[in-house]
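Thanks for sharing this one. Here are some notes to read alongside the model, set out as numbered points.

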Amino acid sequence: MLIKRRSFIKGSSLATASLLVPRFLQAFGVNEKVPAGNKVLVVLQLSGGNDGLNTVIPYRNDIYYKARPSIGIARDKAIQLNEEAGLHPALPFLGELYKEGQLSILNSVGYPEPDRSHFRSMDIWHTASNADEYLQTGWLGRLLDEECKNCSHYTQAVEIDEMLSIALKGKKRNGFAFRDPRKLYQASRSPYMEDIIRAHASEHADQTASYLYKTLADTKKSASYIYENSLQVATGTYPSTELGRNLKTVASLILSDINTKVYYVSIGSFDTHVGQDVQQTKLFRQINEALQAFVGDLKKNKRFEDVLVMSFSEFGRRVAQNSGKGTDHGTANNMFFISGGLKQKGLLNELDDLRALRMGDLQYKVDFRRVYATVLQNWLNVKAEPILGNTFEPLRFV
Amino acid sequence: MADAQTKIQHLTWRAGFGPRAADLKRLRNSGLNEFQQRFFKASAGTPSFLEALSNPVEEGSMEDVFPKKRQVTEQERKDRKQVHFEAIKKLNRLWLAEMINSDAQLREKMAFFWHDHFACRTGNALHLQQYLHILRTNALGKFSDLLVAVSKSAAMINYLNSNLNKKGKPNENFAREVMELFSIGKGNYTEDDVKEAARAFTGWTTDYEGRFIFKAEQHDAGSKKFLGHTGNFSGDDILQLLLKEKNTARFIVEKIYRYFVNEITDDKRVNQLTDTFYTSGYDIGKLMYSIFSSEWFFRPEHIGSRIKSPIELWVGINRQLPMQFSDPDAAFGFQRVLGQVLFQPPNVAGWPSGNAWIDSSSLMFRLRLPLVLSAGTSIDVSSKPDDDIQMGKKDQPVRGMRATIQWAAYFNVFKDAGSKELPALLNRFLLQTSTGPSETILEKYSKNDSREAFLSSRSLLLMQCPEYQYC
């Protein structure tokens, strides 16, 4: 228990850390930082239902080409992974990572009784619930509940967005959402707010609104902590897309050694009912370029072994294309894991079985909560069961 | 003990969407009793039908909106979805306007509660406006009528897949949720009850226009065992058997208590109210009347203890500080950023409540909101995408949704008050909590150049403090 807590929130060597840290930071408890060697998770959400079959292309499979006469991707266009499968042509950097053993792909991930509503299926992925169960907390929020009972900065899980996803909302603790550390910092520094926070703390700390005052004070404190830290490290050149900017923010925070263990970024929309190829190619190109800059930055700073990027989407799409050269909502999908510290590399399991469809849809083989369990236990070194509410057998890719 | 005005405002906040600036005189001078009577009476009538999309059948062709078996192209499908999307936004505006302007505050608040209780989404505006009308007409009627009407509404039948529930091929979605979330609640039925109820609900479907249809050939007419009863039950029978269970009354009363009185329940009161509700044949109006006219409802521990939901916050601001928007979609955009959009509950279990609304970013936005509105500036915040509705299009940030506050009308409300009186008057009108920012701090940031400057600056300061988030 002690070891677990320490590994989650505390750095190892206070002496070294305090030498490297500017004085103004020491007031914020430098011993909570995540030094090099501690693991960081970056969740990359592909919103809208990414088409997994045109992401990892089963180019030896006739059923694939028959079901997708005009949107199927030809073998010679795909980026070759092995004899059976290739990547979408707009993902060449991921092809390189694959060759270097820094990308692994898990196929046929999903859950029983799949829901085809974007919102509901995303809700299921965020809360890690069963399809017939409704939870008001997310899996990463519950991670904070379990592991961050006494943290002085609630910045262990951060979403680069203006609104916080339910994935990062716990019962007692919430993650922290912001797009731009500077804006957040400025917004949190209104003199009126500072005055009322200070007065509240000294006068009536136990009153009705104390929960809000506490959240407000935490926000202010965390905003300064993040802003001042993210200023410290200049990072590489990133594409000027939203994802590029967001991953740059993430990298600057990882490299500044703040206490954040989980970062959450999203890109969308992958809801390609019409003219799929144009839209998917555009988004993949953005992902490819942003990840190239991000991974390059981490490698340069020798942190790639400590960072795991995990991608997911709320569902995959139907096997057969529709009449608009697009695809409709489907079920199972693949997930990507990118890191310099993978234990299993490449394709982690077989490709989707296109002969065993259920009413035109792929059938899932791996419950997504097994992936969560893997990441929680093997990567973040915390017990998965209290967070997932059930035992899910971990995989071995990390 | 709270003063009379705060008590009256407590009623308007809980049984409605807060006090209106124009009513300030009445809030200050009425007796609680007199105000209550008037307040209840205003919700007695039948609501008008809010129509966002006219039924195309009357104009000739339903096929234009829902081509049945005719092959449609992706483009046609997209266009049609767009028509419905726009109509749903319009319905949102229409209902929001009722919440802000209608005197039937209790009815609209109850309808909003039922929308949360019978949470439902549909992309079909015709079905949606029908569903909303059911909620509003039955809001204070019999819960039994409401349960049956919603269960048979096209919106719910499609949302919970009753239309896919057929003899020999049951779909248990509705059967499960009607028990878990709409009536007796978890722990009071078994998995077998779910299976048997699903059989009883087979054959329920609707036509394009949203009319309920019973398909006898798809109905499983065999014998079922349900909650200890045996018979050839129909779907209607199952609903009646659920209503027979006192646990249903208790489940609803407890939820109402948490929502309208206090998140911390009081077993004794809930038991008493359950008895009343059950023996009255599920009379919602009677139940609400007995709560809102009780002495205990006005106790200090209940006043100012509830975190406003985003809709309560938004409607409340608009009632206290009347304003207009040049962009008709402004309110829709703000709902998205605040995290609660009418007709888009997160799932069938409805919206979260209490502290769950608050995290760093949502709190910062809530506190900044009055300033953004009063400055007439645009805000630059993107909401989360919702692909069920946007169909893959990128959402525009809430931008250029400038508000024009009708300050003249607001100032006029306070014209009879002496300058010395104003600080306390504003405090009382805008905050329901017993504490708030100190006069010293407020004075430091208030503008004193003129009476108007003082009124507007002080009001905005109060609306930006954390206490304003409570009602």
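**Notes on the interface, salt bridges and domains**

1. A good place to start is one contact between the chains: Lys444(B) and Asp195(A) form a salt bridge through their side chains, with an N to O distance of 2.6 Å. Please keep in mind that this is a predicted model. Across the interface of chain A and chain B there are 3 salt bridges by the rule used, and 9 residue pairs are in polar contact, with both residues at pLDDT 80 or more.

2. Which elements of chain A give two or more residues to the side that touches chain B? They are helix H6 (118-127), strand E7 (176-178), helix H8 (181-187), helix H9 (191-203) and helix H10 (210-230) of chain A. Of these, H9(A) gives the most, with 7 residues. Sorted by class, this side of chain A has 18 nonpolar, 20 polar and 14 charged residues.

3. Now for the extent of the interface. The size of an interface is often given as the accessible area lost when the parts come together. For chain A and chain B the buried area is about 4400 Å², and carbon and sulfur atoms give 58% of that. On the chain A side, the residues that lose the most area to chain B are Tyr134(A), Tyr192(A) and Leu212(A), which together account for 18% of what that side buries. In terms of residues, chain A brings 52 to the contact and chain B brings 57.

4. Over all chains, the salt-bridge count comes to 54. A pair in chain A that I would look at is Glu83(A) with Arg60(A), whose side chains meet at 3.3 Å, N to O. Glu83(A) sits in the loop between strand E3 (79-80) and strand E4 (86-87) of chain A, while Arg60(A) sits in the loop between strand E2 (56-57) and helix H4 (62-67) of chain A, so this salt bridge ties together parts that are 23 residues apart in sequence. Are these two residues buried or exposed? Neither word fits: Glu83(A) is partly exposed at 45% relative accessibility, and Arg60(A) is partly exposed with a relative accessible area of 46%.

5. In chain B, the side chains of Arg20(B) and Asp103(B) form a salt bridge at 3.0 Å, N to O. This pair links distant parts of the chain, 83 residues apart: Arg20(B) is in the loop between helix H1 (4-14) and helix H2 (24-29) of chain B, and Asp103(B) is in the loop between helix H4 (74-101) and helix H5 (105-117) of chain B. Asp103(B) is partly exposed, with a relative accessible area of 48%.

6. Also in chain B, Asp220(B) and Arg199(B) meet in a salt bridge at 2.7 Å, N to O. Because Asp220(B) lies in the loop between strand E2 (212-214) and strand E3 (224-226) of chain B and Arg199(B) lies in helix H10 (residues 191-201) of chain B, the pair ties together parts 21 residues apart in sequence. Asp220(B) is buried, at 13% relative accessible area, whereas Arg199(B) is partly exposed at 21%. Back in chain A, salt bridges with shared partners join Arg60(A), Arg75(A), Glu83(A) and Glu84(A) into one network.

7. Finally, the domains. The domain assignment of chain B gives domain 1 (56-244), domain 2 (310-405) and domain 3 (411-471). How far apart do the C-alpha centres of domain 1 and domain 3 of chain B lie? The separation is 46 Å.

Technical notes
Residues numbered from 1 in each chain as written. Chains lettered and ligands numbered in written order. Predicted model: local features only at pLDDT ≥ 70, side-chain atom pairs only at ≥ 80, totals over all residues. Heavy atoms only, no water. Contact = heavy atoms within 4.5 Å. Buried area = accessible area lost by both parts, 1.4 Å probe. Salt bridge = Lys/Arg side-chain N within 4 Å of Asp/Glu carboxyl O. Polar contact = N/O pair within 3.5 Å; in protein donor to acceptor, adjacent residues only side chain to side chain. Helix = DSSP H or I, 4+ residues; strand = E, 2+ residues; numbered from the N terminus. Nonpolar A, V, L, I, M, F, W, Y, C, P; charged D, E, K, R; others polar. Buried < 20%, exposed > 50% of the residue type's maximum accessible area, 1.4 Å probe, protein only. Domains from an automatic or database assignment.
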